[in-house]
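Me: I'm new to protein structures and would love a close look at one part of this one. Could you take me to the place where two chains touch, and then show me a little of what lies around it?

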Amino acid sequence: MNKLIALVASALLLVAVGAAQRLRPDADRVYQPLSSTGAIGQDVRTTPYTVRVERAETGRELVLTGFLDKKEKRATKGVWVVVHLTATATQERVQLGTVELQALNGTRYAATDRFSTLDSADLDAGIPRRGSIAFELPPDAVKGAILRITKARYTTIHRLNAALGPGVEVALGLSGAAVPTVTIAQEDS
Amino acid sequence: MSGRRAKRDKGVKHLWYGLGLAAAVAALVAVQVVPKLEEYGLRSGGEPIEAAAGTGAAFEGSTWRLIGIGRTTGDNLPPGTTAVTAVIGVTPRDAAASKAMSKGCEPSVRDARARTWTPTTRLKGVPKVSTLCTRIDEKTYKPILAKPGVEAKFQASFAVPADAVSSLRVEVRLRDHHESFVRLTPSAAPSAGPPPAG
Amino acid sequence: MNGTISITIPQVSSPSPEASTETSPRGRAWMWFAGLAAVILLPLAVAWPLGGLADAGKNEPPRTALGQKLTGNRFQLVPKKAAYTTSDPNPSPFGEPDKGRYVVLDLDVTNVSRFPASLSDMAARFAIRLDGKPLDQIMSIKDQLIMRPGDNRGSLLNPGMPETVRLSWEVAADAPDPRRLSVAVHDEDYQPSWSLLGYYSGTSLWYRQDDPRWILDTPLERA
């Protein structure tokens, strides 16, 4: 009888081990940032900073306003998505880090590198900083896109970047319809 | 009776086994963590050497004191912030101490909620006081070592949220020295006007 | 092996017919050996006359020309123009143009992966030869730029966003004017990271394939 119980228990354990192996998330999932999620207009708090997305808009052309109200038009082969947000560092000077839009199918798009936006600006503790971030992406990737901010970048030498870090995820509620022109102000960081 | 005793003995044996296992796991974790403690110190900014309010402190062979901290003015201050300038005095004891600060000092301020701010150059500060603890030769760009026994004064200005001003303390770190830093506490809340130049 | 041992008793006079069919231990070992040899040699004996043992040579990647679309796992490339020039292929808007001898390759590039990439990620997968001689890409590189008329220079390749790219290299001072450009393009695989030594997280990374997937071979036009 005891032998039978041991055999059944062993078989069950074997099945459990197999199931655990199958259900184990892959490394990309295990190491992904621990994200705080929120909606437009909400404060999303993480250890390095708090982010509030005010609005997001899609345009076929972008107007960049710089110093002395200088305006420049920027074309794209896709569409521009501009996200207007306020970010506040929690405890010390930090930059937002990696800012991306994630489409519904999981494809990720980085913020434009053609001019400086809020993603590379210094955020100071307790001092809210308003700004915008621009993305270029194919028109069919816009609908349902999520703003994803990860890998906060500390600027002092006494802090190194964490391998696994906190993140922010905000659903932008974009329909995919684009207006002719969206405007963004260049950051002077 | 003997069966019960045998069972108890077995239980005690299991307990020892469990305790041994717990100790082994703890030792394994310690072996992993202890070598990283220094790195943790580097990341957290090191240990503070605290000076009592209004007094100086010895740090890396020099004596450091907070000459004053007060409100100043500046351009394009973010809304809700106040400009604050700290004037710090440092007296190196010997040539080694002068050399220790020749690579530069990194002042910052910290409030009661442990929020920290680094200097900003947009603020006016105090006239005729350097922003560097070791002056730089304008021709050779090499540091001019401070004279041992003579106090060198330097200032740093910060834009901080208005609610942080009353509890600010000043911290100074030395470049290439991550184990510790000096923390200077003012004898009173920052003055309404600029601090004395010394 | 069933472990049985057979003993053959020597027959001195008039052996019986059964005894003559018995195999001696030595004979049995030979049978095993011959059987094994046949199993090993038979495929070779079939393959040899059919040319199966001839040197297959290196699996040469296909040679491609300008205008051909090369779709890899990470990037889709269409090389458009290859030129040799003595004028700065990418003069800065500030200051004087650079003086030297340059090789320029213009391409249309689209990131076909699911992640953003930089232009240097793409260019790092190219091995360049000028007239058959390898070029030191690190030392001779001049520019790697996304070209957009009237726009700032960038290096970001977002998925699904086609860009016009200009890569340029400086020709060594002691080398003759090059006539032919060859670019070995290595494709990439996105796979879990691993390492024989040390720590690895197992998170996925792009790995360069060892052998080139295409070789662009084209004469250089003079510009």
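**Where chains A and C touch**

Reply: Let's start right at the contact: 19 residues of chain A are in contact with 18 residues of chain C. Keep in mind as you look that this model is predicted. On the chain A side, helix H2 (27-30), strand E8 (108-110) and strand E9 (129-137) each supply at least two of the touching residues. The largest share comes from E8(A), with three residues. Sorted by class, this side of chain A has eight nonpolar, four polar and seven charged residues.

Now step over to chain C itself. Five of its strands form an open sheet, in the order E1-E14-E11-E6-E7, with mixed pairing. At the edges you will find strand E1 (63-64) and strand E7 (133-134) of chain C, each pairing on one side only. Follow E1(C) to its partner: two bridges join it to strand E14 (residues 214-219) of chain C, and these two strands run parallel. One bridge to look for links C:Arg63 with C:Ile215 in E14(C).

Chain C also has a loop to visit, between strand E3 (75-87) and strand E4 (99-111), and C:Pro93 lies in it. Is this proline buried or exposed? C:Pro93 is exposed, because just 5 other C-beta atoms lie within 10 Å, and a residue counts as exposed at 12 or fewer. To get a sense of distance, try C:Phe126: C:Pro93 and C:Phe126 are 33 residues apart in sequence and 28 Å apart in space, C-alpha to C-alpha.

How values were computed
Residues numbered from 1 in each chain as written. Chains lettered and ligands numbered in written order. Predicted model: local features only at pLDDT ≥ 70, side-chain atom pairs only at ≥ 80, totals over all residues. Pairing = 2+ DSSP bridges. Helix = DSSP H or I, 4+ residues; strand = E, 2+ residues; numbered from the N terminus. Buried ≥ 20, exposed ≤ 12 C-beta atoms within 10 Å, placed from the backbone. Contact = placed C-beta atoms within 7 Å. Nonpolar A, V, L, I, M, F, W, Y, C, P; charged D, E, K, R; others polar.
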